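Work through the exercises below with the sequence and the model side by side, and try each task before reading its solution.

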Amino acid sequence: MATIIMIRNRLKRVQAIMNAWVIYTKALFLLIAALLSGCGNNLCSVEPISKNKSPTGKYIANVFERDCGATTPYVRVVSLQETDSEFNPEEVKNWVFTIQGQSDIHVSWITKNELQISFSFTGDTPTQRSAWKNVTIRYQ
């Protein structure tokens, strides 16, 4: 009988150690996941401002604002996409205009392949592309 009690007590200790190990590994996994999620571009929030389809409906001009935290300024962005693709604000290759600050930005399609961007200056020198795929971009 003493042997059974001794075995039962050892099993309880092993079970307690196993439970502690499970809790420890779950906590470690959550910590690693939290640290890794902080390493990506998802630290920036994106606030859509406007969306404009081209006259043929082939392209969309998106205006949005990126906020990457207190140590960086707001950035307003105009990005282009084809209508059949999903909007992805992280695709920098589709950015045709960026400016730091909260500039007023208006986009309008002049023709099916010509986009006009007008904006208020914020003191920052904007980044401006003059073309994207077969779209010509003009500024006012």
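**Exercise 1. Determine whether R138 is buried, partly exposed or exposed, and describe the salt bridge it forms.**

Solution. Begin with accessibility: R138 has a relative accessible area of 42%, and because buried means under 20%, exposed over 50% and partly exposed in between (1.4 Å probe, protein chains only), R138 is partly exposed. This is a predicted model, in which local features need pLDDT of at least 70 and side-chain atom pairs count only at pLDDT 80 or more, while totals for chains, interfaces and linings use all residues. Residues are numbered from 1 along each chain as its sequence is written, and side-chain values use heavy atoms, with hydrogens and water left out.

Next, look for the partner: R138 forms a salt bridge (a side-chain nitrogen of Lys or Arg within 4 Å of a carboxyl oxygen of Asp or Glu) with E114, and the closest N and O atoms are 2.2 Å apart. The two residues belong to distant parts of the chain, with R138 in strand β9 (residues 135-139) and E114 in strand β6 (residues 114-119), 24 residues apart; strands here are DSSP runs of E with at least two residues, and helices are runs of H or I with at least four, numbered from the N terminus. Finally, E114 is buried, since its relative accessible area is 16%.

**Exercise 2. Place β9 in its sheet and work out which strands stand at the edges.**

Solution. The sheet is open and has four strands in the order β5-β6-β9-β8, with mixed pairing, where two strands pair if DSSP finds at least two bridges between them. The edges are taken by β5 (105-111) and β8 (131-132), each of which has a single partner strand, so one side of each is left without a neighbour in the sheet. Turning to the pairing of β8 with β9, these strands run antiparallel and are joined by two bridges, and W132 stands opposite V135 in β9.

**Exercise 3. Describe the surroundings of Q81, and state which residues it touches.**

Solution. Q81 lies in strand β3 (residues 75-82) and is buried, with a relative accessible area of 7%. Leaving aside residues up to four places away in sequence, Q81 is in contact (heavy atoms within 4.5 Å) with K58, Y59, I60, N62, E86, F87 and W132. With N62, the side chain of Q81 also makes a polar contact of 2.8 Å, a term for a pair of N or O atoms within 3.5 Å in which, within protein, one must be able to donate a hydrogen and the other to accept it, and residues adjacent in sequence count only if both atoms are side-chain atoms.

**Exercise 4. Find how many disulfides the structure has, and give the handedness.**

Solution. A search of the whole structure finds one disulfide (a pair of cysteine sulfur atoms within 2.5 Å), and this joins C44 to C68 with an S to S distance of 1.9 Å. It links distant parts of the chain, 24 residues apart, because C44 is in the loop between α1 (2-37) and β1 (45-53), whereas C68 is in the loop between β2 (59-67) and β3. The torsion about the S-S bond is about 105°, so the disulfide is right-handed. As for accessibility, C44 is buried at 17% relative accessible area, whereas C68 is partly exposed at 29%.
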